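Student: Could we go through this structure together, one question at a time? I would like to see how each answer is reached.

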Amino acid sequence: MFEKTLIPVAYGERPDELRKIGRILKSLGSESICLFHVSDTDSFFGGSDLSWLMLLKEALEEIGLNVRIWTGSDHIASAIAEAALLEGADEIYLKAKRRWQLRSILLGSVSRDLLRLADTPVFVHKIRPLLPGEGEGTITRDDLIVLYATDFDEASNRPLPYVMQFKGGWCHILHIRGRRADPGSEKRKSSEVKEKLSSLEEELRPYYGRVTSEERIGNAANEVLFVSDQIKADVIILGRRRPAFLSSPMGDTAERIVSGSKASIFLVP
Amino acid sequence: MNRSYFRKETVFLLSSGIIFLFIIAGVLQPDLLDAAASAIHSGILDNFSWLYLISAFFFLIFVISIALSKYGTIRLGYDAERPQYTFFGWVAMLFAAGMGIGLLFWGVSEPLVHFLTPPPFLEPLSPESAAFAMRYAFFHWGVHPWAIYTVVSLSIAYFSFRRGMPALISSCFYPVLGDRIYGMPGKVVDILAVFATVFGTATSLGFGALQIHSGLTHLYGISSAISVTIGIIVVATAFFMASAILGIEKGVQVLSKINILLAIVLLIFILLLGSTPYILNVFSSALGGYINNVIDLSLQAYPFAGYEWSRDWTVFYWAWWISWSPFVGLFIARISRGRTIREFVMTVLTVPTLFTFIWFSIFGGSALYLELNTGVDLASVAGEDVSLALFVFFEHYPFAGVLSLLAILLLSIFFVTSADSATVVLGSLTAGGNLAVPMYKKAIWGFSLSAVAIILLMTGGLDALQKMAITAAFPFMIVMIILCYTLWIGVSQEEERVSE
C-alpha cells in the first residue's frame, strides 16, 4: 500500500537527510520513490541545472530504493497533487521540520493547499517519529504508536486499510463526537459507539501488538491533539472531509491537527 | 438530610437568598444599593450597549433562519403529536402574552416622548420627529422582542417536548454541559433566569403601580406620595397572592380573557372616535418606515449624535425583553406543544407584532393627531410624567372618566394576572421544572416580586426600575447566545436520531 511514495523536493535539500527519510519510508514498505521538483521560474535558484536532483536520487538508490525524477511547473500544490495521481503514488511525503524543510512547501499556503487538494494520501512528517540518528535511537516498527481518529462516518472509515497497513506496537482508536441533546439519546449513542469501537479493536488486533480505544466528547482537533500528546503517538491517521464553506476561513479539523501536532499525520482524502 | 435538601433546592435557596439580601439592602441602605446598582448599570451600558443591539438582531436572524431551514419542519413534540390548542385559541393566547402593562403604559407616552425629545439630530415637535417617534415605537415593540422570546421559548419547547427534559433553561444546555446541568453550572443558569424574571417582572409591576397611582391621582386627586404607590402594590399583592396560593388559576384565566376583551373594546373605541383615516395613515406609513429601515434601526447606536438616546430607549427595551424572556418564553412554550418550528416562529414573530403595531398606531397615532392638529399639549405632559399621559389623552374623548377607570381596571387586572403567572413560573423554575409548586415557594416569590418593585420605586423610581432590568438582563443575554448554539446542535442532530 505504501509501495510508491512521491516526495516533493526543492533546491538545497541535503542527500544525507533524504537518506534518513528513505530509511523510514522503506521501513513502512516503500519500494520506489518519485522525487518531484516544481521549478519556480522566478526563483533565484531556479535554473536549468538539476544536477542536485541527481545527487538526491543517488542517495536514495544507495539504500535500495528505486527512484524516478519528475519535474513540473505551475501552481505548486496542484502540480504536486497532479503528479502524484499521474505517477500512481500511494502517498505524498512532506517533511515539516527543522533544516530539511521544503523551502516553498513550508511557506504554509502550499502545504495547506496540498492537504486540501491532493487525491492521494499525504504523510506529513513532524517531530515524531524521530529520524534515524535523532534523539534516542531510531524507532522500529514494533515501537510505532499509531493514533487512529474516527467518528465512524465515511471520511473517517476510508483510512482503515491504511491503519492496518501501518502495523506497529500500539494502535489507539479515538472516537470523537458532539454530545447528544438529551441524556437518553446520549446514553444510546454512547453504548452504540462502545460496541462499534470494540468490533474495530478486534479488526485491528492482528496488525498491532496492542489495540485500545477511547471515546471523547468535544472539539475534534483539540481532542486529537490532546490524546496524541498524552500517548506520545508517532503517527495520527485520519480521514479528510471536504471542508464546509464556512469552516475554510477558520481552518478545518485536519488543518488544525496538522499545524498543531508533534506526531506525524497520515491524511487520507 | 440538610445537605440533601440543600442540594435539591440549591436554585431556590441561592436565588431567594440573594434576592432577600437585595431587599434587606434596599430597606437598610437604599442609597448604597442605588449607588451600587447605578455603578453596575453604567458599567454595562458604557461597555456593552452595542452587544444588546447586535444580540437582538442576531436572535431575529437566528430564529428566522432556523424556521426557514430544513429543520423548520421539526415538530415541538413527538412526530405524531398534534397541536394542543386550535390555531385561533393559540393565537389568542399569544395575544395575551404580548399584551400587558407595558402596552398601556407606553402606548400613548412612548411616541409622545420621542416626539418631544428625539435624538439631537432631529428638531423636537417636528413632523420628522413624529415619523421618527412612530417608527421607533414600532421598532421597540416589533419583531425583535418576539425574536428574543422565541429563542427562549423554542429552546425550552424543543428540549422539553421533543427531547423529554424538564422545562428548565438549564435543560437546553445539555449539549454543552452534559450531566453538569444537574450540578452547579446548570443551577447557575437557572438562577440567572430567576434573577432576570424577578427584576423584569418587578419592573413591569412598578410601571403598573405608578400608572394606576397616576390615574387615581388624576381622577380623584389622591395624594401623589410614594406611599400610595406602595399601598397599591401591597393591595395588588394581596390579590395575586390569594389567587396563586388558593390555586384559582381558572378564575385568573377568565379574568385574563375578560381583560383582553376589554383592551380590544378600548382599542376599537379610540379608533372609531378618533380620526380613523389619520390613524390608518399613521399605521401604513409607520409600517413602511419600519420595514424599510429595520436593519439600520436594529444596529443603529447613534455613536456620533444621539448615543444617550439609543442607550436610554433601545438598549433599555432590549434588556427589558431579555429579562422577561424566561417568563414569557416558558408560557409560550407551554401553549405551543405540537407545532412545527416554522409554524411556531412565523406565527410568534408576526401575529402579536401586528397587534402591537395596531395598538401603537391607534393610541400613539391619536395622541400625535391631537398634538399636531388640535393644539393639545400632550407631549409636555408625557415629558413630565409618562404615566399620566394616557389619562390626559382620554380627556379628549367622550366618557373620559369611564375610559380612565377602565384603564385603571385593565392595569390592575394585568398587574394581578402577570404577577400571578410570574409567581408560578418562578416557582416552577426553582422546583426542577415541576408545575406543582409548593405553596411556600409561591408565597416567597410573590412577596419577593412586590418587595423588589417597592424597593426599586423607593430608591429611584422609574429610573431605578429601568436600571435594574438592564443589569439583571445582561448575564441572561449571554445565556441566550449560548442557547442559540445549543438549540442548533439539538436540531442538527435530528437526522441522526432517525438512525439511533
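Tutor: Here are some questions and answers about helix packing, cores and single residues.

Tutor: This is a predicted model, in which local features need pLDDT of at least 70 and side-chain atom pairs count only at pLDDT 80 or more, while totals for chains, interfaces and linings use all residues. Residues are numbered from 1 along each chain as its sequence is written, chains are lettered from A and ligands numbered from 1 in the order in which they are written, and side-chain values use heavy atoms, with hydrogens and water left out.

Student: How many helices and strands are there in chain A?

Tutor: Helices (H or I, at least four residues) and strands (E, at least two) are DSSP runs, numbered from the N terminus. For chain A the tally is 10 helices and 10 strands.

Student: What percentage of the residues in chain A is buried?

Tutor: Buried means under 20% relative accessible area, exposed over 50%, and partly exposed in between (1.4 Å probe, protein chains only). Chain A has 269 residues, and the buried share is 52%.

Student: Are H5(B) and H13(B) roughly parallel or antiparallel to each other?

Tutor: Axes are lines fitted to C-alpha atoms, for helices over the stretch in contact, and angles run from 0 to 180 degrees between N-to-C directions. Angles under 35 degrees count as roughly parallel, over 145 as roughly antiparallel, 65 to 115 as roughly perpendicular and the rest as oblique. Helix H5 (residues 101-116) and helix H13 (residues 307-335) of chain B have axes 14 Å apart and pack at about 160 degrees. H5(B) and H13(B) are therefore roughly antiparallel.

Student: Which residues of H13(B) make the contact with H5(B)?

Tutor: Contact means heavy atoms within 4.5 Å. H5(B) brings B:Gly102, B:Trp106, B:Glu110, B:Val113 and B:His114. On H13(B), the partners are B:Trp309, B:Trp313, B:Phe316, B:Tyr317 and B:Trp320.

Student: At what angle do H9 and H17 of chain B cross?

Tutor: Helix H9 covers residues 184-220 and helix H17 covers residues 400-429 of chain B. H9(B) and H17(B) are roughly antiparallel. Their axes come within 10 Å, and the crossing angle is roughly 165 degrees.

Student: Which helix gives the most to the largest nonpolar core?

Tutor: A nonpolar core is a set of buried Ala, Val, Leu, Ile, Met, Phe, Trp, Tyr and Cys residues joined through side-chain atoms within 4.5 Å. The largest core has 180 residues, and B:Trp106, B:Trp320 and B:Phe394 are among those with the most contacts inside it. With 25 residues, the top contributor is helix H18 (residues 439-492) of chain B.

Student: How many residues does the second, separate core have?

Tutor: Its members include A:Val9, A:Leu28, A:Cys171 and A:Leu204. The size of this second core is 40 residues.

Student: Is B:Thr486 buried or exposed?

Tutor: B:Thr486 sits in helix H18 of chain B. Leaving aside neighbours within four places in sequence, B:Thr486 touches B:Phe159, B:Cys172, B:Phe173, B:Pro175 and B:Val176. Its relative accessible area is 0%, so B:Thr486 is buried.

Student: What is the phi of A:Lys232?

Tutor: A:Lys232 lies in the loop between helix H8 (220-231) and strand E9 (235-239) of chain A, and A:Lys232 is exposed at 51% relative accessible area. Its phi is positive in a residue other than glycine, near 55 degrees.

Student: Is B:Tyr302 buried or exposed?

Tutor: B:Tyr302 is in the loop between helix H12 (276-299) and H13 of chain B. Although not a glycine, B:Tyr302 has a positive phi of about 45 degrees. With 12% relative accessibility, B:Tyr302 counts as buried.
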